[in-house]
Structure formats: structure tokens, C-alpha cells
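Good morning, and thank you for coming. I should like to introduce one structure to you; please look at it first.

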Amino acid sequence: MAIILGIESSCDETSASVCINGKVINNDIATQDIHEQYGGVVPELASREHQRNIVPIVSHVLENAQISLENLDGIAYTRGPGLLGALLVGSSFAKSMAQALNIPTIPVHHMKAHVLAHFIDDPKPQFPFICLTVSGGHTQLLLVKSATEMVILGQTKDDAVGEAFDKSAKLLGLPYPGGPMIDKLASKGDRNKFQFAKSDVPALDYSFSGIKTSILYFLRKEVKKNENFVEENLNDLAASIQFTLIEMLMFKLKLAAKQEGINQIAIAGGVSANLGLRKRLTEEANKSDWEIFIPDFQYCTDNAGMIAISGHFLYENQQFGLLTDSPLPRMPF
Ligand SMILES: Nc1ncnc2c1ncn2[C@@H]1O[C@H](COP(=O)(O)OP(=O)(O)OP(=O)(O)O)[C@@H](O)[C@H]1O
Ligand SMILES: [Mg+2]
């Protein structure tokens, strides 16, 4: 049993969280709005924002949890994958603080942490379970054997599904990040109005780069005939694009469940906030007798709660870091 401080700084969210004896007490997130005007995350600006935010955020969660620095047993931080400059801020801060307090650091893999977010609140899945991790940079089908043992069953060969949401949104003229906007518009549209070619790759892997080209060509053709096509069909376009992406995700997820003979199914990562995906998963659960696990919205996108709970498990396993550990932008799984 231990008191762990978790720090997340892999992309454009600076976040801190305290986990006491396996219970996540709080989860403070400073989202960086500065990137919106550029239509995507600007790495150097992200690093500078992390530098500005990290001290107040950490102070606030410690105060909120009524934990003084001397009470901490370890500091968990995102070592990778992510943006190098952004990771550097969190990892340097965590290592310096751990050194000053003479406690261990606990380097955490960001994608594994997305999965372990399921152990913050009840109901918690039982091992082994399958997790579809869908985020801005990754799309992975995982066999989760334990908190520290996960096997990749399949993953995207090119774009992540979050990227497909964001790029499709851009084609529709929506602001960044477009995923949540597509979700909102889709709820008012007809998902069967337009059809887009679903690309396929063998086994349990995914490919999402073809679909955005298919959307691009379709829109070009239609806009030539009617320049107001996008505005006039925005809800139906969003619904049809979202439906296509969800069906692609579900197809391989069903295959994976069948292949592994597992009916405990979880989703994780930013795109698991998508209402259409949540609904479709619930439908499939009723049909296929799955027990499903969907994270609370605050634990879908990047957050330190998932880093703190990962720190808790790794601390129990005595998996500590070294002062010489450098951030790993492409950290192996
Ligand atoms: N409701 C939603 N519907 C669809 N997509 C969404 C929704 N909410 C967030 N997203 C998408 O989730 C992604 C962000 O998720 P997350 O923060 O987990 O990704 P990341 O940290 O950038 O990438 P990674 O975790 O792979 O390093 C973005 O692509 C965003 O558009
Ligand atoms: Mg993430």
C-alpha cells in the first residue's frame, strides 16, 4: 500500500493525480487551448504550457488530497509515447522531485495507462479481458492478462481512428479537435445517408488512411455539383462517417473476442468518449453476451488518474525507474 503522485504530460494536457492505497483521489487536468488556432498541437508550445502548468497543478492535487510531500511513496510519470519536449517537462519534474524526496520514480507507458484507467472506478474488469484502445495516436486491440502484462492482438497499420475522426472533421470544415464535434453532429444525423468504402487489412489489424481519401473524393465530387453540399448535409455526413469508423472498429473487436474466447470487453482512450461507439458496444453486448467496460469521460482522454493508478500497480511490483531514464517518444509497448 502506498501513496503515489501521477503526472501526465505526453501531449497537450498537463495533469496530476494522487492515488492512495489504490484509490484515485483526484484528477486535475489543464487543457491547452492555445493549439486550437493552429488546427493541431504545436509541440514547442505544448512544452512551454506544460512548464507553466506543472507546478500549480501538482501543488493543487497534493493540497486537495491533504497530502504533504513527505507522505509520498513514489512518483509515477508518463515516460512515453508522446511528444519529446512535452514528455521532458513531466519526466524532469518527476525525477527531480523524487530525487529531492528520496523516493522512487515509476515510469509509465501512456497506452498501457489508458487501459488501466479501468481500475480507477467500479465495475472493474477481471483478467484476462480484451481492450480496444482508441486514441489520437493509436488504435490497438489488446489481450490484457494482468496489470503489467498486455499483448497486442492487432493495431492500425497507418492512421489512428482518432486521427481519422479529426481529419474527417477538418474536411467538413470543423475546428480542431474534430472528434467530439463529429460526435455531437452525428447524434442529429442519418448514419445510413452516405456510404464510404471501408478499407481492410488482414488478421486483427486496422487501416484508417483510406477512408479519409474516400471522404475527400466524395466531397469534392458533391461540392462540384452543389457548393453548399457540406453545410446542407453536415449532420448526415458526420453520422455516416462516424458510423463507418465505428463499424470498422467493431468488426475486428468481434473477431478478437471470438478468437480469444473472451467475453469481457473494454474500450479505452480518447475515442472511447464517443457516444456512438458507446451505444454500439452496448448493443453488441446484449447480442453477444459480452460484459462491457466503458471508462468515465474524464478517464477517456489524457489524464493523470490513469498514470497514478498505473503507478500503484507498478509500485506493488517494485518496477521503479532510474534517474538516467530519458523520455521515449516511441516507447515500445
Ligand atoms: N467524443 C469523441 N468522439 C470521437 N473522437 C473523440 C471524442 N472525444 C475525443 N476524441 C478523439 O480522441 C483523440 C484524443 O484522445 P487521447 O487524448 O487519448 O489521444 P492522444 O493522447 O492524443 O493520443 P495517444 O493516447 O495515442 O498518445 C482525438 O483524436 C479526439 O478527436
Ligand atoms: Mg492519450
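Let me begin with residue classes: Ala, Val, Leu, Ile, Met, Phe, Trp, Tyr, Cys and Pro count as nonpolar, Asp, Glu, Lys and Arg as charged, and the others, Gly among them, as polar. By these classes, the shell around ligand 1 holds 6 nonpolar, 13 polar and 3 charged residues.

This is a predicted model, in which local features need pLDDT of at least 70 and side-chain atom pairs count only at pLDDT 80 or more, while totals for chains, interfaces and linings use all residues. Residues are numbered from 1 along each chain as its sequence is written, and chains are lettered from A and ligands numbered from 1 in the order in which they are written.

Which residues are the closest to ligand 1? They are Gly136, Gly137, Gly162, Gly179 and Gly270, out of 22 that surround the ligand (C-beta atom, placed from the backbone, within 6 Å of it). Domain 1 (3-116 + 300-316) and domain 2 (125-295) both contribute to this shell, so ligand 1 lies between them; the bounds come from an automatic or database domain assignment.

I turn now to Thr139. Is Thr139 buried or exposed? Thr139 is buried, with 28 other C-beta atoms within 10 Å; buried requires 20 or more such atoms within 10 Å, exposed 12 or fewer, and partly exposed lies in between, with C-beta atoms placed from the backbone. Leu249 is 110 residues from Thr139 in sequence, yet their C-alpha atoms are 8.9 Å apart. Across the chain, buried residues make up 48% of the 333 residues.
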